[in-house]
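I set out to record what I looked up in this structure, entry by entry. I begin with the overall model and then turn to single residues.

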Amino acid sequence: MLYINYWPKGGKKLHKVEPKVFLIGETRIQEDELGLYLDHIGVSEWTSDAPSDIEKIVEVMGRLCYKSFKPGLNPNVVKIREHNDEYLANVINIKHGSVIEHGMLNFILADVSRVFTHELVRHRVGVAISQESLRFVRLTNLGFWMPSVFKNHPRSEEIMRFVIEKVEFMERWQVELAEMLDIANEKDFEVKKKLTSAMRRIAPIGLATTIGWSVNVRTLRHVIEMRTHPGAEEEIRLVFGKIAEKVKMRYPNLFSDYELKIVDDLPYYETKNSKV
Ligand SMILES: Cc1cc2nc3c(=O)[nH]c(=O)nc-3n(C[C@H](O)[C@H](O)[C@H](O)COP(=O)(O)OP(=O)(O)OC[C@H]3O[C@@H](n4cnc5c(N)ncnc54)[C@H](O)[C@@H]3O)c2cc1C
């Protein structure tokens, strides 16, 4: 057994991680160009009390459908909802969901497992995805998130020790295999890539990785509801609970109908406006 006593005493230990959510980008308004458009249709005085650019963009895209920037601009429209919160609440309530697709958010989800990323990519509509490549990035340090069923089990001490030991073994396998393959001295990058790609096959799917996930607001609402649902897996519930908390605070008028419940110590965001 090559790996026994591989790490020096008191040396490398399992790198335990917690999933992290970074909201790194969002749709912004070009105010000068919006001003030119408002001049063009004769409502240069129009303003919005939207708390964010995304909520303002959704409002603008919605209002242009009926020219409802002010009463009478379209002679068929004699009354309008003046405030952003009531305007967006109505868009959501009547399921005019295509309007909220105009807002895009860009997330980096770090220290999430391949279990998580595989579940995430099942949501195909309205997203863009960039995933850390384990063909290129060599596994030298396996980050691992510990599910609560291990931590809270009556035999948790024994089970945690077992799990940690096995993941540490797998990390050592990566290092040993790299040495056996002499990958560090390989000059040809194509060969290096093939070796790195082959080596990942003996890594656990619980290993921590990073995924870039851009999503429009319509899709995000749907995914928050599905993936914070008590029937979903713990890690994805944890991540989407964090995402929901962030977006509900930052874009209150797009998520005001989401009600927070705590189920099994995790947030569940429920809405009566399902799948807008
Ligand atoms: C608790 C839970 C357990 C799950 N278990 C499993 C499992 O055991 N095995 C498994 O394979 N998957 C499983 N999944 C994944 C699930 O089946 C879906 O693939 C995933 O949730 C994506 O959601 P979605 O179908 O709404 O698609 P999204 O890509 O999020 O699309 C959003 C919506 O757009 C519409 N849409 C998307 N694509 C099409 C299309 N091609 N044609 C028509 N309309 C479309 C649908 O209305 C869809 O709901 C599970 C999901 C959850 C939440």
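The entries below follow the order in which I looked things up.

**Entry 1. Confidence**

I noted at the outset that this is a predicted model. I looked up the confidence and found a mean pLDDT of 94 for the protein. I also recorded that 96% of its residues reach 70 or more. I then looked for the weak part, and residues 1–11 have a pLDDT below 50. Beyond near neighbours in sequence, I found eight contacts in the model for this stretch. I remind myself that predicted coordinates should not be read in detail where pLDDT is low.

**Entry 2. Overall form**

I listed the secondary structure and obtained 10 helices and eight strands. I next looked up the radius of gyration, which is 25 Å, against the 19 Å that the globule rule gives for 276 residues. The value is well over the rule, so I describe the protein as more spread out than a compact globule. The C-alpha trace spans about 85 × 50 × 30 Å along its principal axes.

I looked up burial as well, and buried residues make up 24% of the 276 residues. For contacts with a separation of 6 or more, I found that 77% join residues 24 or more positions apart.

**Entry 3. Domains**

I looked up the domain assignment, which gives domain 1 as 1–27 + 103–276 and domain 2 as 28–102. Their C-alpha centres lie 38 Å apart. I then examined where they touch: the contact takes 16 residues from domain 1 and 20 residues from domain 2.

Which elements give two or more residues to the side of domain 1 that touches domain 2? I found helix 8 (217–227) and helix 10 (252–255). Helix 10 gives the most to this side, with three residues. By class, I recorded five nonpolar, seven polar and four charged residues on the side of domain 1 that touches domain 2.

**Entry 4. Helix 8**

I returned to helix 8 and asked how many of its 11 residues are buried. The count is nine, and I note the helix as mostly covered. Among the buried residues of helix 8 are Val217, Leu220, Val223 and Ile224. The buried set also includes Arg218, Arg221, Glu225 and Arg227.

**Entry 5. Ligand surroundings**

I looked up the residues around the ligand and found Arg122, His123, Arg124, Val125, His222, Met226, Arg227, Gly231 and Ala232. By class, the shell holds three nonpolar, three polar and three charged residues. I note that Arg227 appears in this shell and is also a buried residue of helix 8.

**Entry 6. Glycines in two settings**

I located Gly97 in the loop between helix 3 (84–93) and strand 3 (104–113). Gly97 has 18 C-beta neighbours inside 10 Å and therefore counts as partly exposed. Leaving aside neighbours within four places in sequence, I found Gly97 in contact with Arg218 and Val276. I also looked up Gly97 and Val217, which are 120 residues apart in sequence and 9.1 Å apart in space, C-alpha to C-alpha.

I located Gly212 in strand 6 (residues 208–216). With 17 C-beta neighbours inside 10 Å, Gly212 counts as partly exposed. Not counting residues up to four places away in sequence, Gly212 touches Ile108, Ile129 and Ser130. Gly212 and Ile94 are 118 residues apart in sequence, and I found them 31 Å apart in space, C-alpha to C-alpha.

**Entry 7. Val175**

I placed Val175 in helix 6 (residues 156–181). Val175 has 17 C-beta neighbours inside 10 Å and so counts as partly exposed. I looked up its C-alpha to C-alpha distance to Ser133, which is 18 Å for a sequence separation of 42 residues.

**Entry 8. Positive phi**

I checked Asp264, which has a positive phi of about 55° although it is not a glycine. Where is Asp264 found? I traced Asp264 to the loop between strand 7 (259–263) and strand 8 (266–270). I counted Asp264 as exposed because it has 9 C-beta neighbours inside 10 Å.

I then checked Lys275, whose phi is near 45°, a positive value in a residue other than glycine. Lys275 lies in the segment after strand 8. Is Lys275 buried or exposed? With 11 C-beta neighbours inside 10 Å, Lys275 counts as exposed.

Terms used
Residues are numbered from 1 along each chain as its sequence is written. This is a predicted model: local features need pLDDT of at least 70, side-chain atom pairs count only at pLDDT 80 or more; totals for chains, interfaces and linings use all residues. A residue is near a molecule or strand if its C-beta atom, placed from the backbone, lies within 6 Å of it. Ala, Val, Leu, Ile, Met, Phe, Trp, Tyr, Cys and Pro count as nonpolar, Asp, Glu, Lys and Arg as charged, and the others, Gly among them, as polar. Domain bounds come from an automatic or database domain assignment. Two residues are in contact if their C-beta atoms, placed from the backbone, lie within 7 Å. Helices (H or I, at least four residues) and strands (E, at least two) are DSSP runs, numbered from the N terminus. pLDDT is the predictor's confidence in each residue, from 0 to 100. The radius of gyration is taken over C-alpha atoms; the globule rule is 2.2 Å times the number of residues to the power 0.38. A residue is buried if 20 or more other C-beta atoms lie within 10 Å of its own, exposed if 12 or fewer, and partly exposed in between; C-beta atoms are placed from the backbone.
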